[in-house]
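This report is written for someone meeting the structure for the first time. Please look over the sequence and the model before reading on.

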Amino acid sequence: MHPMLKDRFFLTAISIAALIPIGVSSLVPAIPELALMFNVSKLESSLLITVFTLPGILLLPFAGFIADRYGHKAVLAPALVVFILSGTACAWAPDFNSLLALRFIQGLSATPFAMLSVTVMADRYSGTELVTAMAFSSTAINLGTALAPAVGGTLAAVNYRLVFILPLLGLFTLFFCLRVKVEKSGNSSTPKEYLDASLKAISSRNVLVLIGLGFCNLSMMFGPLLTCFPILAHSLYAAPPHFIGYVQATMSVGATLGAASIAHLSKKTRLSRLLLVGQFCYAASFALVVVMPGLWMQFLPVFIFGMGMGISSTIVMSLIAANSPPEQRGSVLSAYGMGLCLSQGLAPMFFSYLAQSIGVRAPFMAGSGLALIMMALTGLLLARSRSKLNENAS
């Protein structure tokens with residue numbers, strides 16, 4: 001057994017990470033069914049993802065400040081309680097507007113989960129240990145993402161309301177959180193000093209590049225794959241929700257393998273080169289989605305996409321944590337999280353619009369083009385020299 005798996009501090013962070021997929025991934029296969037039940041369009045149904053993810057832009061800066069000043073538990077425990085209550089209440093929403101309101105509240109409460117998981121690990125580990133910790137975290141998220149669509153799709157096939165019982169799993173994370181002592185950061189600077197130092201850290205070139213790459217990573221997943229793939233599968237193949245969930249679960253299998261390989265690969269090659277490999281997987285997988293003749297054959301490109309996501313997201317998380325000053329780590333990771341929330345909120349609407357106005361294959365062609373742009377940016381900004389990014393994270 002790996003020594004980290006015996007560390008209660010690390011296990012707390014992993015339990016937070018494992019909760020992240022419940023808010024979105026479990027619901028995605030049920031979106032076509034929810035659109036029918038509430039008599040809304042495909043574009044309108046994508047708002048169930050948007051209203052969950054977009055509120056984080058408003059809350060994350062405050063969550064980062066509180067975590068830096070008072071400790072992680074001061075943010076995490078209340079957020080878990082609201083997440084559980086609002087998420088479960090969605091099962092009894094009388095109409096679509098009420099469901100959107102509850103999803104908005106649940107999204108606010110889930111906002112700090114990813115930031116806190118990374119912050120806890122970055123406070124505990126550095127160097128190759130941090131990369132290994134992030135690989136474990138990504139593996140936990142990807143395993144959860146693998147199970148969530150399959151479970152959500154199966155529950156939706158029985159009754160769409162059953163999808164909303166999954167937030168109750170947060171009770172286990174809450175119990176674990178309350179039993180583990182997490183130290184305060186000891187940041188005693190004034191709010192103005194804290195803000196000035198945070199803005200300086202966030203505005204560095206390396207951090208801005210990583211925020212942009214994180215934005216693109218999540219846009220790829222929440223746009224073409226999670227939001228538009230169910231539309232494509234339902235429109236072209238009349239696929240039922242549970243089968244869509246099974247195909248999407250293949251992504252997480254690939255992502256788990258990709259993330260698990262990072263700790264070993266990072267010792268042999270530069271992280272910027274591994275980023276290029278992950279981004280190439282994006283471009284190749286979306287091109288294959290467009291040309292595959294049957295639903296069963298879509299398992300392959302979805303698996304390839306997952307490999308790319310596992311590699312790219314793990315590396316970007318490791319690098320953003322390594323390049324965050326300890327006293328402002330919450331604020332830097334909050335800025336990174338804001339970029340992720342923005343991508344999760346905008347990508348479903350943008351790519352759904354492409355699917356509705358041009359065709360169900362259009363989001364994947366656009367995604368393949370975006371992946372090539374990511375490769376160009378990574379090659380220009382990260383791969384030319386052995387920068388601070390590589391030295392701190394490998």
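What follows is a short account of one serine and of some aromatic rings.

## Basis of the account

The structure is a predicted model, and the statements below should be read with that in mind.

## Ser285 and its surroundings

Ser285 has its place in helix H14, which covers residues 271-291, and it is buried, with a relative accessible area of 1%. When residues up to four places away in sequence are not counted, Ser285 touches Pro301, Ile304 and Phe305.

Phe305 appears again among the aromatic residues, for it forms one aromatic cluster with Tyr282, Phe286 and Phe364.

## Aromatic pairs around Trp296

The structure holds 10 aromatic pairs. Phe243 and Trp296 form one of these, an edge-to-face pair with 4.9 Å from centre to centre and 70° between the planes. Because Phe243 lies in helix H13 (residues 241-265), while Trp296 lies in the loop between H14 and helix H15 (299-322), the pair ties together parts that are 53 residues apart in sequence.

The two partners differ in exposure, since Phe243 is buried, with a relative accessible area of 14%, whereas Trp296 is exposed, with a relative accessible area of 64%. Trp296 also forms an aromatic pair with Phe299, and this pair is tilted, with 5.8 Å from centre to centre and 35° between the planes. Phe299 itself is partly exposed, its relative accessible area being 23%.

Key. Residues are numbered from 1 along each chain as its sequence is written. This is a predicted model: local features need pLDDT of at least 70, side-chain atom pairs count only at pLDDT 80 or more; totals for chains, interfaces and linings use all residues. Side-chain values use heavy atoms; hydrogens and water are left out. Helices (H or I, at least four residues) and strands (E, at least two) are DSSP runs, numbered from the N terminus. Buried means under 20% relative accessible area, exposed over 50%, partly exposed in between (1.4 Å probe, protein chains only). Contact means heavy atoms within 4.5 Å. Rings of Phe, Tyr and Trp (its six-membered ring) pair if their centres lie within 6.5 Å; planes under 30 degrees apart count as stacked, over 60 as edge-to-face and the rest as tilted.
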